[in-house]
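Student: Hi! I have a new structure open and would like to talk it through. Could you walk me round it?

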Amino acid sequence: MTDRQTNSPSEIVSGGREGLRDQVSAAILMCIVAVFWWDANAISAFEAQMYPRLVLIVLAALAVLLFLRGFRLGGKVADQPVVSSWTAFLAFLVPTILYAVAVGKIGFFTSSIVYIPLVAYLIGLRSHWLNALVSFVFLLATWLVFVALFARPLPQEIFWG
């Protein structure tokens, strides 16, 4: 018999109650959406609020789907956890929250110069040259699209500009 057929303890320990976990995760995501939606009010130009709010709407819709998935799963026990390492998850989540706050305080480019290479390293990109290239290309593309093409201001930089 397999572990799945015998409902072994290893299955119970590794998975958890997926329905409740999904609903709690969805509620946390909705709180994050609410905080950043309110924070978007600080952006002076209404047009500049559109992109962050569009991203927040997509995140909210996905959170609703996750919440509904929790009802479908109910108290089922999963074979594999969604998050296999809470330490790794928090090591990604904390810099992401700090980045979101820092963009408004010290500027988009300054925050991104630190955040992008850090997160790339955390998810496994160990080539420093490739990491720097990806960061540079992303920042250049962002500048070209928002500043040069659409003439939309990004958050004021603390060190330049």
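Tutor: Happy to, and keep in mind that this is a predicted model. Let's start with a bend: helix H4 turns by about 30° at Pro52.

Student: How many residues does H4 have, and what is its reach?

Tutor: H4 covers residues 46-73, which is 28 residues. From first C-alpha to last it reaches 40 Å, close to the 40 Å expected at 1.5 Å a residue.

Student: Which residues of H4 are buried?

Tutor: Ala48, Gln49, Arg53, Leu56, Ala60, Ala63, Gly70 and Leu73 are buried there.

Student: Gly70 caught my eye. What about Gln23, buried or exposed?

Tutor: Gln23 counts as buried because its relative accessible area is 16%, and the cut-off for buried is under 20%. This residue sits in helix H3, residues 18-39. Leaving aside neighbours within four places in sequence, Gln23 is in contact with Phe67, Gly70 and Phe71. Gly70 is also one of the buried residues of H4.

Student: Let me zoom out. What does the secondary structure come to?

Tutor: The protein has 7 helices and 0 strands. From the N terminus on, the elements run α-α-α-α-α-α-α.

Student: And how much of the protein is buried?

Tutor: Of its 161 residues, 25% count as buried. As for contacts with a separation of 6 or more, 67% of them come from residues 24 or more positions apart.

Student: On to H5. Where is its kink centred?

Tutor: The kink in H5 is centred on Ala100 and comes to about 25°. H5 takes in residues 86-106, a run of 21 residues. Its reach is 29 Å from first C-alpha to last, close to the 30 Å expected at 1.5 Å a residue.

Student: Which H5 residues are buried, and what do they pack against?

Tutor: Pro95, Tyr99, Ala102 and Val103 are the buried ones. The buried residues of H5 pack against helix H6, residues 108-122.

Student: Why would residues spaced like that point the same way?

Tutor: An α-helix has 3.6 residues a turn, so residues three or four places apart point the same way.

Student: What about Phe89, where does that lie?

Tutor: Phe89 lies in helix H5. It counts as partly exposed because its relative accessibility is 33%. In sequence Phe89 and Leu122 are 33 residues apart, and their C-alpha atoms are 9.8 Å apart in space.

Student: What comes just after H5?

Tutor: Gly107 does, and it takes a positive phi of about 110°. There is a glycine just after H6 as well: Gly124 takes a positive phi of about 115°.

Student: OK, H6 then. Which residues are buried in it?

Tutor: Phe108, Phe109, Thr110, Ser111, Ser112, Tyr115, Ile116, Val119 and Ala120 are buried in H6. The buried residues of H6 pack against H5 and H7. H6 has 15 residues and reaches 20 Å from first C-alpha to last, close to the 21 Å expected at 1.5 Å a residue.

Student: And H7? Is Thr142 buried or exposed?

Tutor: Thr142 is found in helix H7, and it counts as buried because its relative accessibility is 9%. Setting aside neighbours within four places in sequence, Thr142 is in contact with Phe108, Val147 and Leu154. Phe108 is one of the buried residues of H6.

Student: What about Leu130?

Tutor: Leu130 is in H7 too. With a relative accessible area of 40%, Leu130 is partly exposed. The C-alpha atoms of Leu130 and Ala120 are separated by 9.8 Å, and the two residues are 10 apart along the chain.

Student: Last topic, pockets. How much space lies in the second largest pocket?

Tutor: About 190 Å³. It is lined by 11 residues, and the closest to its centre are Phe109, Leu154, Pro155, Glu157 and Trp160.

Student: Which helices supply the lining?

Tutor: H6 and H7, residues 128-149, each supply at least two residues of it.

Student: And what is the lining like by class?

Tutor: It has 8 nonpolar, 2 polar and 1 charged residues. Two residues from earlier come back here: Phe109, which is among those closest to the pocket centre, is buried in H6. Leu154, also among the closest to the centre, is in contact with Thr142.

Student: Great, thanks for the tour!

Note on methods
Residues are numbered from 1 along each chain as its sequence is written. This is a predicted model: local features need pLDDT of at least 70, side-chain atom pairs count only at pLDDT 80 or more; totals for chains, interfaces and linings use all residues. Side-chain values use heavy atoms; hydrogens and water are left out. Helices (H or I, at least four residues) and strands (E, at least two) are DSSP runs, numbered from the N terminus. The expected span of a helix is 1.5 Å times one less than its number of residues. The bend at a residue is the angle between axes fitted to the seven residues ending there and the seven starting there. Buried means under 20% relative accessible area, exposed over 50%, partly exposed in between (1.4 Å probe, protein chains only). Contact means heavy atoms within 4.5 Å. On a 1 Å grid over the protein atoms alone, a cavity is a set of points where a 1.4 Å probe fits but cannot get out, and a pocket is an open set with protein on both sides within 12 Å along at least five of seven lines; lining residues have an atom within 4 Å of a point. Grid points are joined across faces, edges and corners, and a volume is the space filled by probe spheres set on the points. Ala, Val, Leu, Ile, Met, Phe, Trp, Tyr, Cys and Pro count as nonpolar, Asp, Glu, Lys and Arg as charged, and the others, Gly among them, as polar.
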